[in-house]
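Please open the model in your viewer and set the display to a cartoon, with side chains ready to be switched on. The tour below moves from one selection to the next, and at each stop it says what is there.

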Amino acid sequence: MHRILHLFAIRQPPVPFAEKWLAGGLASLAFVILGFYYGVNLTGGSAVLVSSMGATAVLLFATPHSTLVQPWAILGGHIISATIGVAAHQLITLPYAAAVAVGLSIVAMHLTHCLHPPGGATALSAVIGGPAIWDLGYGYVLTPVAINAGVILILGLVINNLLRSKSVYPAPWAGPVAVSDHLIPPATITPEDIRQALINSGTYLDVTDDDLWLIYQAADLSAQTRFLSSHLISSLSLGKTETLRYGDSIEALWQALHRSSNGCVVIIDAFMHVEGIVTRNDVIPYLTPTHNLSPLAKRIRAWVSKEALNEEASVVGQIMTTPVVTVHKSASIDQVAAILAEGHFHHVPVVDERRRLLGVVTHAQIWQILGNPSRLDHPTRGAR
């Protein structure tokens, strides 16, 4: 039931109260002018006001920034749809003509980059408008549709720019934005910031704050992926990695874990090939139990007091994780990030062409790079 009710929830962008009345007032003014124009100057039978222009007025004065109501969208959307509607009426019988007219209008508007929702009504009117419309034939495209669209477009240009303080119509062309090589640290924008930006715009933008937040998150993820994919593992400072052999003692493991700066010890063979890995979390089940303490308190006390490991494990190889996923030093950082995410672990050993251990990349290190790109030694993929 909750999901059904959610379908009827109000999902509209926040718009100032005054802007709502302004949009309605400007649309009313436009139709007063339209009515006067047609009533005085065009008195013939074909001088009619197409009803779909009412829908155009809603978009033109309530959402002047929308791509659906820019000049080419209005003119192209109405004219192309009217042409398709007349053709459908003349070539196809009802009710199929209506379906074809509306469907083909949508496709045509998409292909010609002039998608304008009222165009669908214009096409439908050509099919079901009755003898007054049918008798016009393809003349319907010019009069009244093209003239209607042209007049209301001119009114939109004049009224929006003269009587609005925050509206520029048509929307200015936005050139390409230069993309920085370095990612700006995320986590500075919140959903409330998105909502406030919509309110501060002072007009109706045809997108909700929730939609914008999802777009921002997707863009942020894309930027992170782009940034990480342009840098290789070889650009990372891997630091010192603690290593042991399969048969080393548990005591040696204990000491190595306390020395480790990345929280793990890599188990290698005589040729420096990776055999296994042990992290601090791996040894917790082997700590000697301490009664009457919470699990968290047991772990803290175990680390502070350096309690001995359970005697069930006598050598490192008995508790190491194997096999271990490794990456070649020529892999990109985004490939390592994907391995960490998919495998739900926090350490990935890096190897060379001979599969010899070079170091370890950690989950925390990836996040540090995103927040501070200067941690990278080399700027881009392919740097030697």
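Before the first stop, one definition will be needed later: an axis is a line fitted to C-alpha atoms, for helices over the stretch in contact, and the angle between two axes runs from 0 to 180 degrees between N-to-C directions. The model in front of you is predicted.

**The whole chain**

Begin with everything selected, and you will have 15 helices and six strands in the protein chain. Of its 384 residues, 39% count as buried. Among contacts between residues at least 6 apart in sequence, 67% join residues at least 24 apart.

**Helix H14 and the sheet E4-E5-E6**

Now select strands E4, E5 and E6, which form an open sheet in that order, with mixed pairing. E4 (327-328) and E6 (357-362) stand at the edges and have a single partner strand each, so one side of each is left without a neighbour in the sheet. Strands of a sheet pair through backbone hydrogen bonds, either parallel or antiparallel. Between E5 (residues 347-351) and E6 there are five bridges, and these two strands run antiparallel; to see one such bridge, show proline 349 together with its partner in E6, valine 360. Add helix H14 (residues 333-343), which lies across E4, E5 and E6 and runs at about 140° to E5.

**Strand E2 and its partners**

Move next to strand E2 (residues 264-268), where five of the five residues are buried, so that the strand is largely enclosed by the rest of the structure. If you turn on the side chains, Cys264, Val266 and Ile268 point one way, while Val265 and Ile267 point the other way. Strand E1 (residues 243-244) is joined to E2 by two bridges, and the two run parallel. Opposite valine 266 of E2 you will find threonine 243. Following the chain from E1 to E2 takes you through helix H11 (residues 250-259), and this β-α-β crossover is right-handed.

Which strand is joined to E2 by five bridges? Select strand E3 (residues 274-279), which runs antiparallel to E2, and look there for isoleucine 277, the bridge partner of valine 266. The hairpin of E2 and E3 has five residues between the strands, and in it methionine 272 takes a positive phi near 70°.

**Helix H6**

Select residues 118-128, which make up helix H6: eight of its 11 residues are buried, so the helix is largely enclosed by the rest of the structure. Among these buried residues are Pro118, Gly119, Gly120 and Thr122. What do the buried residues of H6 pack against? Showing the helices in turn, you will come to H3 (52-62), H4 (71-91), H5 (96-111), H7 (131-134) and H8 (139-163). Just after H6, stop at glycine 130, which takes a positive phi of about 90°.

**The nonpolar cores**

Stay in this part of the chain and show Leu60, Phe61, Ile74 and Tyr140, which touch the most other members of the largest nonpolar core, a set of 26 residues. Helix H2 (17-41), H3, H4 and H8 each supply at least two residues of this core, and H8 gives the most, with nine. Centre the view on isoleucine 74: apart from its neighbours within four places in sequence, its contacts are Thr56, Leu60, Val69, His116, Ala149, Leu153 and Tyr169. A second, separate core has 16 residues, including Ile233, Ala331, Ile333 and Leu340.

**An aromatic pair in helix H10**

There are two aromatic pairs by the rule used here. One of them joins tryptophan 213 and tyrosine 216, which are stacked at 5.4 Å centre to centre with 25° between the planes. These residues are three apart in helix H10 (residues 209-229), and are therefore separated by about one helical turn. Are they buried or partly exposed? Because buried means under 20% relative accessible area, tryptophan 213 counts as buried at 19%, whereas tyrosine 216 counts as partly exposed at 22%.

**Last stop: alanine 99**

Finish with alanine 99, which has its place in helix H5. Alanine 99 is exposed, with a relative accessible area of 54%. Select glycine 85 as well: the two residues are 14 apart in sequence, and their C-alpha atoms are 9.9 Å apart in space.

Methods:
Residues are numbered from 1 along each chain as its sequence is written. This is a predicted model: local features need pLDDT of at least 70, side-chain atom pairs count only at pLDDT 80 or more; totals for chains, interfaces and linings use all residues. Side-chain values use heavy atoms; hydrogens and water are left out. Buried means under 20% relative accessible area, exposed over 50%, partly exposed in between (1.4 Å probe, protein chains only). Helices (H or I, at least four residues) and strands (E, at least two) are DSSP runs, numbered from the N terminus. Contact means heavy atoms within 4.5 Å. Rings of Phe, Tyr and Trp (its six-membered ring) pair if their centres lie within 6.5 Å; planes under 30 degrees apart count as stacked, over 60 as edge-to-face and the rest as tilted. Two strands pair if DSSP finds at least two bridges between them. A crossover is right-handed if, with the strands pointing away from the viewer, the path from the first strand over the helix to the second runs clockwise. A nonpolar core is a set of buried Ala, Val, Leu, Ile, Met, Phe, Trp, Tyr and Cys residues joined through side-chain atoms within 4.5 Å.
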